[in-house]
Amino acid sequence: MTERALRLGTRRSKLAMAQSGHVAEAVRRVTGRPVDLVEITTYGDVSREHLAQIGGTGVFVAALRDALLRDEVDFAVHSLKDLPTAQHEELVLAAIPEREDPRDVLVARDGLTLARLPHGARVGTGSPRRMAQLNAFARSHGLRIETVPIRGNIDTRVGYVRNGELDAVVLAAAGLSRIGRTDEVTDFLSVDSVLPAPGQGALAVECTAANAELAAALAELDDPHTRVAVTAERSLLAALEAGCSAPVGALADLLDDGQVVTEMRLRGVVGTTDGSTLVQLSTTGPVPTSHDDAMALGRELASEMLAKGAAGLMGERAL
């Protein structure tokens, strides 16, 4: 007798469906069981308000988690950067697959790059983190840009550039890559200029803690390097006591000497959305060998950032 299909809970957007499709395929391979996608509409998908006003990106996660807890789905796939940093006590983060490109990208008219944007260019983003760093970049390069708050899926955002309302929009490289649209990117933004959101480019596969057998099977998809990196980034975010919509960027890179990974560098930034003040620091140490080590690295960098005045920059909400 064939085992019943596993039910994978996913948001309905084109990007979420693409992400969940990749995971479903991998789960079919490791379990030998069919996987059905169950589409769930979240409050974040239907509300047109700015994210900061409706509770940050956690609004995309709540409905999927509710479906898990009500046993309407067996597991769920989230963009990791949407997950609240506190672990839910009845759920387990069973797998964090290998991360896609974590960078932000520019999609601009006429093939423009960030450094070549004209004075007064209107750049769309719904993220205070991106606003802070784009404005800081502009200031340091003698550019004048206007960051314009926008919401919506990839089509909607790119549409603002195509119809001439905006000169450029900033999106995550991973999202465009997963739906096969990287050819529309006009500039991959260096992480030296714009640090991504903590966990950007990574997916989170979640199931109930009670379903130990499924959790063990899903764990086959886990990428240990990605997990320690994003754990450190999210620990920094949590220790700064910043929600998903705070102007915080973080990236943990694994550094190698050509052959073997030897160290991990964690970089963090927090800034005012006008870019006038940024606190940007990094720390490098041995690659964490446990969850606790990765958490400690994030907390350590956060306390250095707080000592440099980061706390005073986080109360500001542009939206």
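A crossing of two helices is right-handed if the near helix is turned clockwise from the far one by less than a right angle, and left-handed if anticlockwise. This definition serves the first exercise. The model is predicted.

**Exercise 1. Describe how helix H8 packs against helix H9.**

Solution.

Step 1. Two packed helices are described by the angle between their axes and the distance between the axes.

Step 2. Helix H8 covers residues 224–239, and helix H9 covers residues 291–307. They pack at an angle of about 40°, and their axes are 7 Å apart.

Step 3. That angle makes H8 oblique to H9.

Step 4. The crossing of H8 past H9 is right-handed.

Step 5. Now look at the residues. H8 contributes Val228, Thr231, Ala232, Ser235, Leu236 and Ala239. The residues they meet in H9 include His291, Met295, Arg299 and Met305.

Step 6. Sort the residues of this contact by character. Eleven are nonpolar, four are polar and one is charged.

**Exercise 2. Lay out the sheet that contains strands E11, E12 and E13, and find what packs on it.**

Solution.

Step 1. The sheet is open, its strand order is E11-E12-E13, and the pairing is antiparallel.

Step 2. Find the edges. Strand E11 (248–256) and strand E13 (278–286) each have a single partner strand, so one side of each has no neighbour in the sheet.

Step 3. From one strand to the next, the twist averages 15°.

Step 4. Take one pair of strands. Strand E12 (residues 261–271) runs antiparallel to E13, and nine bridges join them. Across this pair, Met264 stands opposite Gly285 in E13.

Step 5. H8 packs on this sheet and touches E11 and E12. The direction of H8 makes about 145° with that of E11.

**Exercise 3. Place Val287 and list its contacts beyond its neighbours in sequence.**

Solution.

Step 1. Val287 sits in the loop between E13 and H9.

Step 2. Compare chain and space. Val287 and Thr262 are 25 residues apart along the chain, and their C-alpha atoms are separated by 6.5 Å.

Step 3. Set aside neighbours within four places in sequence. Val287 is then in contact with Val228, Leu254, Val261, Thr262, Glu263 and Met264. One of these, Val228, belongs to H8 and takes part in the contact with H9.

**Exercise 4. Work out the order and edges of the five-stranded sheet.**

Solution.

Step 1. The strands of this open sheet follow the order E2-E1-E3-E10-E4, with mixed pairing.

Step 2. Strand E2 (35–40) and strand E4 (91–95) are the edge strands, each pairing on one side only.

Step 3. The twist averages 35° from one strand to the next.

Step 4. Start from E1. Two bridges join E1 to E3, and these strands run parallel. The bridge partner of Leu8 is Phe75 in E3.

Step 5. Move on to E10. E3 and E10 run antiparallel and are joined by five bridges. His78 stands opposite Ala204, and Ser79 stands opposite Leu203.

Step 6. Finish at E4. E4 pairs with strand E10 (residues 203–208) in the antiparallel sense, over four bridges. Leu91 has Thr208 in E10 as its bridge partner.

Step 7. Add the helix. Helix H1 (residues 14–31) lies across strand E1 (6–11), E2, strand E3 (75–79) and E10. H1 runs at about 160° to E1.

**Exercise 5. Decide whether strands E3 and E10 are buried or exposed.**

Solution.

Step 1. A residue counts as buried under 20% relative accessible area.

Step 2. In E3, five of the five residues are buried.

Step 3. In a regular strand the side chains alternate between the two faces of the sheet. Phe75, Val77 and Ser79 point one way from E3, and Ala76 and His78 point the other way. All are buried.

Step 4. In E10, six of the six residues are buried, so the strand is largely enclosed by the rest of the structure.

**Exercise 6. Describe the backbone at Asp71 and at Asp110.**

Solution.

Step 1. Most residues other than glycine have a negative phi.

Step 2. Asp71 has a positive phi, near 60°. Asp71 lies in the loop between helix H3 (62–69) and E3.

Step 3. Asp110 has a positive phi of about 55° and is not a glycine. Its loop runs between strand E5 (104–108) and strand E6 (121–124).

Step 4. Check accessibility. Asp110 is at 65% relative accessibility, so it counts as exposed.

Definitions and conventions
Residues are numbered from 1 along each chain as its sequence is written. This is a predicted model: local features need pLDDT of at least 70, side-chain atom pairs count only at pLDDT 80 or more; totals for chains, interfaces and linings use all residues. Side-chain values use heavy atoms; hydrogens and water are left out. Two strands pair if DSSP finds at least two bridges between them. Axes are lines fitted to C-alpha atoms, for helices over the stretch in contact, and angles run from 0 to 180 degrees between N-to-C directions. Contact means heavy atoms within 4.5 Å. Angles under 35 degrees count as roughly parallel, over 145 as roughly antiparallel, 65 to 115 as roughly perpendicular and the rest as oblique. Ala, Val, Leu, Ile, Met, Phe, Trp, Tyr, Cys and Pro count as nonpolar, Asp, Glu, Lys and Arg as charged, and the others, Gly among them, as polar. Buried means under 20% relative accessible area, exposed over 50%, partly exposed in between (1.4 Å probe, protein chains only).
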